[in-house]
Amino acid sequence: MRFNSHMQTALSEARAAAKRGEVPVGAVITSAEGRIIAQAGNRTRELNDPTAHAEILAIREACHTLGQERLTGYDLYVTLEPCPMCAAAISNARINRLYFGASDPKSGGVTHGARVFSHPQCHHAPEIYDGLSAAECEALLKEFFAAKR
Ligand SMILES: [Zn+2]
């Protein structure tokens, strides 16, 4: 299926992030037709930037490429449930559909914690599809953190 192939691209970004010593999270932004506009993995360590999460980097790249401040009609795939910061950015970017893999009870902000998209202050909520390739996304994170200990 179309969305599975994009999650595989997000997973390869996550694997590349792990190789750089970053938390393995990857994100992909596609047009409504399924064309990849941007893809990124976490780079917080490399850039010394706590906001350099995969989703933020992908949104920045897509907006830059398209020369626009919003991504109305575009979809975002990410291997892990977005944190509150990224969820707010996804809302501000007017992303159409959000697909994510593993859920994140510790730091997630979509189905956990701040639940940004169901907050009354949220002006735009994407359609949300969770659990995509979740086992694979989770295994990657578990492996990474197990190796750190
Ligand atoms: Zn984030």
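Start with the largest nonpolar core of this predicted model. This core holds 41 residues, and those touching the most other members are Ala27, Ile29, Ala58, Leu76 and Val78. Select these five and keep them highlighted as you go.

Next, colour the elements that give two or more residues to this core: helices H1 (2-19), H3 (54-66), H4 and H5 (134-148), along with strands E1 (26-30), E2 (36-41), E3 and E4. Which element gives the most to this core? Select H3, which contributes 6 residues.

Now centre the view on Ala27. Leaving aside residues up to four places away in sequence, Ala27 touches Ala10, Glu13, Gln39, Ala40, Ala54, Glu55, Ala58, Leu76, Tyr77 and Val78. Three of the highlighted residues, Ala58, Leu76 and Val78, are among these contacts.

From Leu76, move on to the strands. Select E3 (residues 75-80) and E4: the two run parallel and are joined by 5 bridges. To see one pairing up close, show Leu76 with Leu98, its bridge partner in E4. Then trace the chain from E3 through helix H4 (residues 84-92) to E4; this β-α-β crossover is right-handed.

Stay with E4 and select residues 97-102. Is this strand mostly covered or mostly open? E4 is mostly covered, with 5 of its 6 residues buried.

For the last stop, add strand E5 (residues 127-129), which pairs with E4 in the parallel sense over 3 bridges. Show Tyr99 and look across to E5, where Tyr129 stands opposite.

How values were computed: Residues numbered from 1 in each chain as written. Predicted model: local features only at pLDDT ≥ 70, side-chain atom pairs only at ≥ 80, totals over all residues. Buried ≥ 20, exposed ≤ 12 C-beta atoms within 10 Å, placed from the backbone. Helix = DSSP H or I, 4+ residues; strand = E, 2+ residues; numbered from the N terminus. Pairing = 2+ DSSP bridges. Right-handed = clockwise from strand over helix to strand, strands pointing away. Core = buried A, V, L, I, M, F, W, Y, C linked by C-beta atoms within 7 Å. Contact = placed C-beta atoms within 7 Å.
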